[in-house]
Amino acid sequence: MKYDVLVIGAGPAGTIAASNLAGSGLETLLVDAKPKEEIGKKVCGNALGGQHLETIGIPDLPDYTYYQRVKGIRLYSPNLKASLNLELEGTHGYMLDRKEFGSYLLNRARNQGAEFLDNHKAEISLSSGIVVGGKKIKADMTLVASGMSNFSRNIKELSSFQTDKNKETVIAFRQILKLKPKDMDTKYLMIHLNQEIAPVGYCWTFPMYETDDSVVANVGIGMAKQENPMIKQRLENYKELLPDIFSGSEVLESGGGEVPISHPQETLVGLDKHLKPNGILLAGDAGNTVSPIHDGGIGSSMKAGKAAAEAMILTHETGELDNLFTYNSGYLDAYGYKQVKQLMLMKQIRKSNNHEIDAAMCGGIIKDEDIEKISMGQELKIPTFDKIRRGVRAKFRKDGIFAAKKLLKANRLVKEITELYEEYPAAPVALPYWISKLDNLLERA
Ligand SMILES: Cc1cc2nc3c(=O)[nH]c(=O)nc-3n(C[C@H](O)[C@H](O)[C@H](O)COP(=O)(O)OP(=O)(O)OC[C@H]3O[C@@H](n4cnc5c(N)ncnc54)[C@H](O)[C@@H]3O)c2cc1C
């Protein structure tokens, strides 16, 4: 049997792509290395913003796929004296039951007509290229949605995607804890910034559900991989910082993983040596389509899966493989612009120490709406009077000036990267020159 599309990996990216492809009548084979019962089972923070779902055509999730809905995120300064509230305007967040959510997405794809093979691992054979479960599958196009796996890494080498130059990885470790907090607003997800405990990252406490005498929460830490992690010890340090929440807590489950942060792969569409699309595409963690600010990748992976499906449907209809390249701009519109703007803010945060973050948050130099705007991918436009007021505050606070300068730099870089991505090439031939400009900007950021 020959398929129109082979989708490798039944995570959020692969299942959304498969349901859109099969729903449009393309013969779609979805494969995963795991057994069916384990699809969706992944070590994760399990938080998802409802805004992602609306744009991929799932207006509301069935009750069994999540533990609770939340109102937003509370972001705490390292000295714990200030917090910013990031509300999810017009929508809500979900604390997912990741396994049930995964099965739901898989069933959706199968109901649309996608064929699914579990226990089928994709590998690269020197003689035959991609093989699945030891066999060569005939397909016109292949979507690689296999997360942070060796297969994803190897396919980039094989298929002349850009390498992992300039890309960074966050290492994350989380526990499911039974807590007996003194006081806790379980409708908000808590994020604690602390560059000493979690350099270039953060610690989180995401409440899942309440019992009569406890709160069960997903508690974790994500940090730069290269920063000498000792990540389990660092999670303990986080718990010691907040005895009102964590003293007497009981560990129900532990596990870790990696998340790619930075910009999306320079091209999400594989090219041959003549810069022609070769029929292989990347989505989700495999293509670095993850938010560099909060390391959330479930929503953006689904958006990437949908954008990839749209380009493949167009290619199938027109018979023109060149049309696959439209996936790059499709993803930028769906999430990529936001992602690269967030990257510029993240790069400045990572250069800040705890004192500077405290100064910025406690001194009103940075406000709720600034974080909200930048993390939604908007440029900061601070009115002149407010700018002067914040400038005066910064001057009278130790480290305030440094914090203000970094905020201004982030804002400038957000503008620059937006302009650069607005010029993203319409055809692969212009890609090498565009990539050289991107490299130059990233070096300055
Ligand atoms: C500790 C941690 C906490 C996180 N917290 C959050 C959070 O709170 N919110 C959020 O939005 N994101 C979070 N993320 C990131 C999020 O989990 C990922 O971005 C998201 O799962 C990516 O989806 P995906 O479809 O690309 O890949 P995955 O979900 O990883 O799915 C990939 C699939 O491919 C399969 N596969 C792999 N290799 C092969 C192969 N060779 N052949 C066949 N199949 C293969 C796997 O079995 C898997 O089913 C977190 C990540 C970690 C590690």
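**Entry 1: ground rules.** Strands here are DSSP runs of E at least two residues long, helices are runs of H or I with at least four residues, and both are numbered from the N terminus. I note at the outset that this is a predicted model. With that settled, I went looking for S262, and its place is in the loop between strand 16 and strand 17 (269–271).

**Entry 2: S262.** I checked the backbone of S262 and got a positive phi of about 115°, although the residue is not a glycine. That made me stop, because most residues other than glycine have a negative phi. Is S262 buried or exposed? S262 counts as buried, because it has 20 other C-beta atoms within 10 Å, and 20 or more is what the label takes.

**Entry 3: N46.** I looked at N46 for a positive phi as well, and its phi is near 70°, in a residue other than glycine. N46 sits in the loop between strand 2 (28–31) and strand 3. I counted its surroundings too: N46 is buried because 21 C-beta neighbours fall inside 10 Å.

**Entry 4: the chain overall.** I stepped back for the totals. The chain holds 13 helices and 18 strands. Of its 445 residues, 44% count as buried. I also asked how far along the sequence the contacts reach: taking those between residues at least 6 apart, 75% join residues at least 24 apart.

**Entry 5: the sheet of 7 strands.** I traced an open sheet of 7 strands, and the order reads 6-5-13-14-15-12-16, with mixed pairing. Why is one side of strand 6 and of strand 16 left without a neighbour in the sheet? Strand 6 (83–87) and strand 16 (250–261) stand at the edges with a single partner strand each, so one side of each stays unpaired in the sheet. From one strand to the next, the twist averages 20°.

I then looked at what strand 16 pairs with. Strand 12 (residues 168–179) runs antiparallel to strand 16, and 11 bridges join them. As a landmark for the viewer, I picked L177, which stands opposite V251 in strand 16.

What lies across this group of strands? I found helix 5 (residues 231–241) across strand 12, strand 13 (188–192), strand 14 (202–210), strand 15 (215–224) and strand 16. Helix 5 runs at about 125° to strand 15.

**Entry 6: the sheet of 6 strands.** I followed another open sheet, with 6 strands in the order 8-2-1-11-18-17 and mixed pairing. Strand 8 (115–117) and strand 17 are its edge strands, and each pairs on one side only. The twist here averages 30° from one strand to the next.

At the strand 8 end, I checked the pairing with strand 2: the two are parallel, over 3 bridges. L30 stands opposite F116 in strand 8. Helix 7 lies across strand 1 (2–8), strand 11 (138–144) and strand 18 (277–282). I get an angle of about 160° between helix 7 and strand 11.

**Entry 7: a hairpin.** How many residues lie between strand 9 and strand 10? I find 3 between them, and the two strands form a hairpin. Strand 9 (residues 122–125) pairs with strand 10 (residues 129–132) in the antiparallel sense, over 4 bridges. I noted two opposite pairs: S125 faces G129 in strand 10, and E123 stands opposite V131 in strand 10.

**Entry 8: around the ligand.** I listed the shell next. It has 42 residues, and those that come nearest are G11, G45, G147, G284 and G297. Which elements each supply at least two residues of the shell? They are helix 1 (12–23), strand 3 (47–49), strand 12, strand 16 and helix 7 (298–318).

By character, I count 19 nonpolar, 16 polar and 7 charged residues in the shell. I also checked the domains: domain 1 (2–68 + 93–166 + 262–337) and domain 2 (168–260) each give at least three residues to the shell.

**Entry 9: I349.** Last stop of the day was I349, found in helix 8 (residues 326–350). I349 counts as buried because it has 20 C-beta neighbours inside 10 Å. I also took its distance to Q195: the two are 154 residues apart in sequence, yet 9.3 Å apart in space, C-alpha to C-alpha.

Methods: Residues are numbered from 1 along each chain as its sequence is written. This is a predicted model: local features need pLDDT of at least 70, side-chain atom pairs count only at pLDDT 80 or more; totals for chains, interfaces and linings use all residues. Two strands pair if DSSP finds at least two bridges between them. Axes are lines fitted to C-alpha atoms, for helices over the stretch in contact, and angles run from 0 to 180 degrees between N-to-C directions. Two residues are in contact if their C-beta atoms, placed from the backbone, lie within 7 Å. A residue is near a molecule or strand if its C-beta atom, placed from the backbone, lies within 6 Å of it. Ala, Val, Leu, Ile, Met, Phe, Trp, Tyr, Cys and Pro count as nonpolar, Asp, Glu, Lys and Arg as charged, and the others, Gly among them, as polar. Domain bounds come from an automatic or database domain assignment. A residue is buried if 20 or more other C-beta atoms lie within 10 Å of its own, exposed if 12 or fewer, and partly exposed in between; C-beta atoms are placed from the backbone.
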